[in-house]
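Trainee: Could we take a close look at one part of this model, and then follow its contacts from there? I'd love a connected account rather than a list.

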Amino acid sequence: GKAYRARRRCDEVMCIIKSIDLQAMNREEARRVEQEARLLERLRHPQIVAHLETFMHRQNLCIVMEYCAGGDLEQWIARQRRRVPSRHKILVLFSQICLALEHVHAIRVIHRDVFFMNFAD
């Protein structure tokens, strides 16, 4: 799909609209995308980007999500430019990740995008 930054007309809130062309998919792929959209509605937690609404526009499933002006964790790390964050900041970030994962797992969901690098090397 494609993602667009937008402003909702009803309340002028900045958001991201992820537009997914369902006609370009087979039935199983389209079913999985619709299932993911329903799942996002259930993820209500301060450390998880908020789902605002889902709607159909022509053949596209549009998922409206909270806009995060600061970007994601990967972008934050890239902005550090080899500066090592303080121990406090690392612990805060780690705690937020753990709280989000705890919530996701509590509703019996496994997040496929979470991975950990082997720091033993």
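Mentor: Glu 12 has a relative accessibility of 48%, so it counts as partly exposed; the cut-offs behind that are under 20% for buried and over 50% for exposed. Do keep in mind that this is a predicted model. Glu 12 sits in the loop between strand S1 (2–7) and S2, and its phi is near 65°, a positive value in a residue that is not glycine. That loop closes a hairpin, with six residues between the strands S1 and S2. The two strands pair in the antiparallel sense over six bridges, and one pair to look at is Tyr 4, whose bridge partner in S2 is Ile 17.

Now stay in this loop and turn to Arg 8, which is also placed between S1 and S2. With a relative accessible area of 18%, Arg 8 is buried. Its side chain has a polar partner: a contact of 2.4 Å joins the side chains of Arg 8 and Asp 11. Setting aside neighbours within four places in sequence, Arg 8 is in contact with Val 13, Cys 15, Leu 52, Glu 53 and Val 64. Two of those names are worth remembering, Cys 15 and Val 64, since they come back when we reach the nonpolar cores.

The contacts with Leu 52 and Glu 53 make strand S3 (51–57) a natural next stop. S3 and S4 run antiparallel and are joined by six bridges. They form a hairpin with two residues between them, and in the turn Arg 58 has a positive phi of about 55°. At the start of your tour of this pair, look at His 51, which is in strand S3 and stands opposite Met 65 in S4. His 51 has 3% relative accessibility and therefore counts as buried. The side chain of His 51 makes a polar contact of 2.6 Å with the side chain of Thr 54. Leaving out neighbours within four places in sequence, its contacts are Ala 37, Leu 40, Glu 41, Arg 44, Ile 63, Val 64 and Met 65.

Two of those contacts, Ala 37 and Leu 40, lead us to helix H1. Its buried residues are Ala 30, Val 33, Ala 37 and Leu 40. These cover an arc of only 80° around the axis, which puts them on the same side of H1. The general background is that an α-helix has 3.6 residues a turn, so residues three or four places apart point the same way. What covers the buried residues of H1 includes strand S2 (14–21), strand S3 (51–57) and strand S4 (60–66). The helix also passes a simple length check: at 1.5 Å a residue, its 16 residues (27–42) should span 22 Å, and the end C-alpha atoms are 23 Å apart, which agrees. At the N-terminal end of H1, Asn 26 acts as a cap, with a side-chain oxygen 3.0 Å from the backbone nitrogen of Glu 28.

Not every residue of H1 is buried, and Glu 34 in this helix is a nice example: its relative accessible area of 33% makes it partly exposed. Beyond four places in sequence, Glu 34 touches Leu 22 and Leu 61. Glu 34 and Leu 61 are 27 residues apart in sequence, yet their C-alpha atoms are 7.8 Å apart in space.

Leu 61 brings us to the interior. The largest nonpolar core has 14 residues, and Leu 22, Leu 61 and Ile 63 touch the most other members. The elements that give it two or more residues are H1, S4 and helix H3 (87–106), and the largest share, four residues, comes from H1. Leu 61 has many partners beyond four places in sequence, including Ile 20, Leu 22, Val 33, Glu 34, Ala 37 and Phe 55. Apart from this core lies another, of five residues, among them Cys 15, Ile 17, Cys 62 and Val 64. That closes our loop nicely: Ile 17 is the bridge partner of Tyr 4, while Cys 15 and Val 64 are contacts of Arg 8, back in the loop between S1 and S2.

Terms used:
Residues numbered from 1 in each chain as written. Predicted model: local features only at pLDDT ≥ 70, side-chain atom pairs only at ≥ 80, totals over all residues. Heavy atoms only, no water. Expected span 1.5 Å × (residues − 1). Buried < 20%, exposed > 50% of the residue type's maximum accessible area, 1.4 Å probe, protein only. Arc of directions from axis to C-beta. Contact = heavy atoms within 4.5 Å. Polar contact = N/O pair within 3.5 Å; in protein donor to acceptor, adjacent residues only side chain to side chain. Core = buried A, V, L, I, M, F, W, Y, C linked by side-chain atoms within 4.5 Å. Pairing = 2+ DSSP bridges.
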